[in-house]
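Me: I'd love a close look at one part of this protein. Let's pick the empty space inside and go through it slowly.

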Amino acid sequence: MEQAPTETKKARSSESSSQAHADGALDDASLHAILYCMPLRDAAVTTALSRRWRRVFPTLPCLYIDSATFNGRDYVADSLGDDYCEDPDRWVEALDCIVGSRAAPVAVFDVEADVMFTEEGWFHDVIRVLCRSGGLLKLRIWNTRLTSCYLLPSPVYACETLVSLELFSCRLRVPDRLTGLRALQSLVLQDVVATDGDLQRMLSRCEAMKRLVMEDIRKARNIVIDAPSLEYLQIHSYRPLRVSVKAPKLRLARLSLCYGCAELSWSFHDNEETDGDYSIAEIQEMFDFVAMEKKEHKRTDEIRNMVTFFCGIRAAKELRLDLPREYSKVLSKTKIAVPRMLPKKCCLLGLQKLTLALDHNHEALARLVSCLLNSSPNLKDLEIMDPFDIRYSGHLAAEFWEKHITADCIQNHLSVITFYMRESLFGGYPRIGLCQFLVMNARALKRMSIKYHRSLYKTEHVATVLEAVQSELRLWPRASPDVQLELSEIDCIPSI
């Protein structure tokens, strides 16, 4: 299974492809595209069609395999679902046969299953063969056994050809000395268990990485990202996380913090000390996720975490921030107030577009919005959206924003502002104090758009509110006489 294709095989494949092209037949690339659209089991059967087809399947560059790939043709999905593996032994034997009969390296290996738990040593060997083949470019391991994390095979850390790595429900144990991953350009980690040290060693090695997505990283508390080539950064977390970033080429940063659903999102892997033997009482404590969440919030400096993140993305051209309702509760309980603006050396000088999904009428979040606006002197485009779980939080008038925002920071460049409103427009008195402040102070403003979604309210109420808002818009003094004020209906509030 470890034998690499010989030069003779490569030459024959090249000659057959050239001859087929000369005869007007489809070349190997076209046949590969056809096979890739077929289930892998059916694609393998094509080797019986002719001598030409017999050579095509063993050189198929992309292999996608799930739990049901090698189920019998008479298998009927029942309550176990379409992704159930009927016979793990057959699954192992079939994949072993495919990998062992390869005539060319696999370029893309995509597996979505949990069968590898039954034969961990064998699957480790499969990954080792692929990583050492010299041609593996993309690897995706999606573990469907949600109750257990699959330990990533060590040969992955030594692979020198990978440009894309995507892991779901896996555990990282990164060696102290890495010999691979230098070519990695895209890294996606979802529901992955890793320590702070594991992540730092892995990320520091990925010098060519341009795209990094981290969603629900378990166990880690302080993530250090030092990526000289990073252009896209996306982080989603259900618990407090300090993220320190050093990325001079960063173009877009996205941060989403969704607190308050401990029963659904937390795991015993989130405990810092899950490796070892514990008493029944200690195990019960590890599974009390609500208590874990409360304890975590008490010992976390949420303001410092946020400032640390902002200071690391000062080169970013675009920032998207998603802070649902539960985050506002946590932020309002912090002992340290949100600073009026970031330290001068940390100002977001590169930021040109800012998208915020939060309740900007909640005072704690309003102060965070003020801090961002005061720290973004070159901002041109501002979008503010009602989050999906927004609740009525009162009304902050234009005077509040006048007090907390330094007008100079929005006078020179801010030209396009868009509000996506739901409850903040129709839930009680229209809460448009920030709209008013920006219209009155943004001298470079060209267009202010208020887009609303009214499906939750009666037509009569909506009409009354819209008429009041339109009348108020006409009365506002404007910093720029050319500004256009738009009020329009949309089908749904977009997500960020």
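Which residues line the largest cavity?

Reply: Eleven names coming up, but some background first. This is a predicted model, where local features need pLDDT of at least 70 and side-chain atom pairs count only at pLDDT 80 or more, while totals for chains, interfaces and linings use all residues. Residues are numbered from 1 along each chain as its sequence is written, and side-chain values use heavy atoms, with hydrogens and water left out. The mean pLDDT (the predictor's confidence in each residue, from 0 to 100) of the protein chain is 83, and 82% of its residues reach 70 or more.

Now to the space itself. Searching the whole structure turns up two cavities of 30 Å³ or more. A cavity is a set of points, on a 1 Å grid over the protein atoms alone, where a 1.4 Å probe fits but cannot get out; lining residues have an atom within 4 Å of a point. Points are joined across faces, edges and corners, and the volume is what probe spheres set on them fill.

The largest cavity holds about 90 Å³. Around it you'll find Ile235, Ser237, Leu241, Val243, Leu255, Leu257, Tyr259, Glu302, Asn305, Met306 and Phe309. Strand S12 (232-237), strand S14 (252-257) and helix H11 (302-312) each put in at least two of those residues. (Helices, H or I of at least four residues, and strands, E of at least two, are DSSP runs numbered from the N terminus.) H11 chips in the most, with four residues: Glu302, Asn305, Met306 and Phe309. Sorted by class, this lining has eight nonpolar, two polar and one charged residues. Here Ala, Val, Leu, Ile, Met, Phe, Trp, Tyr, Cys and Pro count as nonpolar, Asp, Glu, Lys and Arg as charged, and the others, Gly among them, as polar. Glu302 is the charged one, then, with Ser237 and Asn305 as the polar pair.

On to the second largest cavity, with about 50 Å³ of space. Its lining is Ile303, Met306, Val307, Phe310, Tyr327, Leu331, Val338, Pro339, Leu368 and Cys371. Two or more of these come from each of H11, helix H12 (325-332) and helix H13 (363-374). Once again H11 has the largest share, at four residues. H12 brings Tyr327 and Leu331, and H13 brings Leu368 and Cys371. This lining splits into 10 nonpolar, no polar and no charged residues.

One name to look for on screen is Met306, which appears in both linings.

Key. 1 Å grid on protein atoms, 1.4 Å probe; cavity = no way out; pocket = protein on both sides within 12 Å on 5 of 7 lines; lining within 4 Å.
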